[in-house]
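Here's a quick briefing for anyone meeting this structure for the first time. Take a look at the model, then read on.

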Amino acid sequence: MEGYMEKLSRVFSDTRAQLVATAIAASAVTASVMWGSRHARRTKRVRDLKHDALDMLEFDDFSTSSSHTLMQQPSMPVTKSTPIDLSPHEEALIREQLARHYAFLSEDGMQKVRDSFVIVVGAGGVGSWAALMLLRSGVQRIRLIDFDQVTLSSLNRHAAATRATVGIPKVDALRNSFTDIAPHARVEARVALFSAETAAELLSGNPDFVLDCIDNMDTKIDLLDYCKKNNIRVVSAMGAGMKSDPSRVQIADISDTFEDPMSRAVRRRLKARGIQNGVEVVYSVEKPGKVQLLSLADSQKDEPGDFSVLPDFRVRIVPVLGTMPALFGMTMATHVLTELADFPTEPLAIKGRHALYARVLRELGTRESKVPAAYGGMQLQMSTDDCSYMIEEIWRGKSAVSGSTDKIALTRWQRNRPMSTSNCICLTKSEADRHDKLESAPEEYYSPEVVAYIESRLAEEKHLSTMR
């Protein structure tokens, strides 16, 4: 032991050893100070973020934010002019949360989204997802309207339904969930049944859009009629039940819908009220023949109306694949967002019409067979896929002259050039017949606006053809 201590004494009496030991100690102290400083800064940042988030909840009288506690908070009225007061820290948090939308829709576009006010009528499988994605995308003023409550069967399709929310109003379940996502947003939850009598009050506040996610036909017609006659922009969801093919979901004017029984019924009933177009809808061209409505129990057959939730509401249960209402809702939300932000989109009126493309190609061949030799005779360089591409992608399923979707056809734009995708226009049959008989250049026959539109579409085709 004494020998060990003697060696240790000699080591520490060595000047170089002392310098090394001092350097090591100094490095340790420096590292400790640097780590402590970084840890302190990080702790402060986390504390500040938590403090900002708690401030934004605006529930100062409560120490917890359980679903039950939030459900008791009164729903304050929301309108287009409802102020959104944010501190600089809160604004920084929100802009980071919406960073990718700012990159997509631009600063001006996102400001329009954040300044908007949207009303969602019907907070079920479709409406809940539409409202959720609008909130996540920056819409800060939302009114939710629905009379129904969350049930166990809601869990397969509702955006905010959990076992804990079974039995509470759907609009409250959504509002509670929204608080965790965007506590700065103003969300009004109205437990109410929409009707023609309540329309003026429920749709007040100068909304930029109303989303119709109602599944009762009479109520849906009343809502669309009110919006149309009061110049309120509305997007309506047709039936998502009994559908399973996501590739057939489309956005179109109600006048352009086809292959969908609910769209047809809505179209006829709106026409009876003097409304033939101007109502945008999300619908599916899939024929709902694979599944059937669930049968009534024997005890329900005598007086089926006694078992409906409300008078005139359906009794039989519609089979629903939970993903389809969500898809309808997200399609509605996406369309509304791009419209609010003035982001250019042009939904195809109709797609998937293989028999139509084959018929158009046959008729095009007949037209080409009549082309005079002075114009090169028949020079058809088109396939069925080319017809589909021109009708849907370039001409959006409509006549380049009148915008009509009735009995469309393809023909040459310039008669002295071969028929190809770069020289092809979509017209109605009667328009195509007149066009083929022109003795002058088309630029001399059509208005400058029509010519400019056609030339712009053909220029777009030239660009798109490089990616086919």
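What follows is a short tour, from the whole chain down to single residues.

This is a predicted model, where local features need pLDDT of at least 70, side-chain atom pairs count only at pLDDT 80 or more, and totals for chains, interfaces and linings use all residues. Residues are numbered from 1 along each chain as its sequence is written, and side-chain values use heavy atoms, with hydrogens and water left out.

**The big picture**

- The protein has 16 helices and nine strands; these are DSSP runs numbered from the N terminus, with at least four residues for a helix (H or I) and at least two for a strand (E).
- Of its 468 residues, 42% count as buried, which means under 20% relative accessible area, while exposed is over 50% and partly exposed is in between (1.4 Å probe, protein chains only).
- The accessible surface comes to about 25,100 Å², and carbon and sulfur atoms account for 54% of that (Shrake-Rupley method with a 1.4 Å probe; for residues, only the protein chains shown count as cover).
- Take the contacts (heavy atoms within 4.5 Å) between residues at least 6 apart in sequence: 71% of them join residues at least 24 apart.

**How sure is the predictor?**

- The mean pLDDT, which is the predictor's confidence in each residue from 0 to 100, is 83 for the protein, and 77% of the residues reach 70 or more.
- Over residues 53-72 pLDDT stays under 50, and the model has 25 contacts beyond four places in sequence for them.
- Residues 298-316 also have pLDDT under 50 throughout, with 24 contacts beyond four places in sequence.

**The nonpolar core**

- A nonpolar core is a set of buried Ala, Val, Leu, Ile, Met, Phe, Trp, Tyr and Cys residues joined through side-chain atoms within 4.5 Å.
- The largest one here has 44 residues, and Leu-144 and Leu-211 have the most contacts inside it.
- Helix H11 (residues 323-340) gives the most to this core, chipping in seven residues.
- Leaving aside residues up to four places away in sequence, Leu-211 touches nine neighbours by name: Val-118, Ile-119, Val-120, Val-121, Ala-130, Leu-134, Val-235, Met-332 and Val-336.

**Aromatic rings**

- Rings of Phe, Tyr and Trp (its six-membered ring) pair if their centres lie within 6.5 Å; planes under 30 degrees apart count as stacked, over 60 as edge-to-face and the rest as tilted.
- By that rule there are four aromatic pairs.
- One of them is tilted: Phe-104 and Phe-343 sit 5.1 Å apart centre to centre, with 40° between the planes.
- That pair links distant parts of the chain, since Phe-104 is in helix H5 (residues 99-114) and Phe-343 is in the loop between H11 and helix H12 (354-369), 239 residues apart.
- Phe-104 is exposed at 56% relative accessible area, whereas Phe-343 is partly exposed at 28%.
- Tyr-445 and Tyr-446 make an edge-to-face pair, 4.9 Å centre to centre and 90° between the planes.
- Tyr-445 is partly exposed at 46%, but Tyr-446 is buried at 11%.
- Together with Trp-413, Tyr-445 and Tyr-446 form one aromatic cluster.

**A buried serine**

- Ser-263 is found in helix H10 (residues 261-272) and is buried, with a relative accessible area of 0%.
- Not counting residues up to four places away in sequence, Ser-263 touches Met-238, Ile-254, Thr-257 and Tyr-283.
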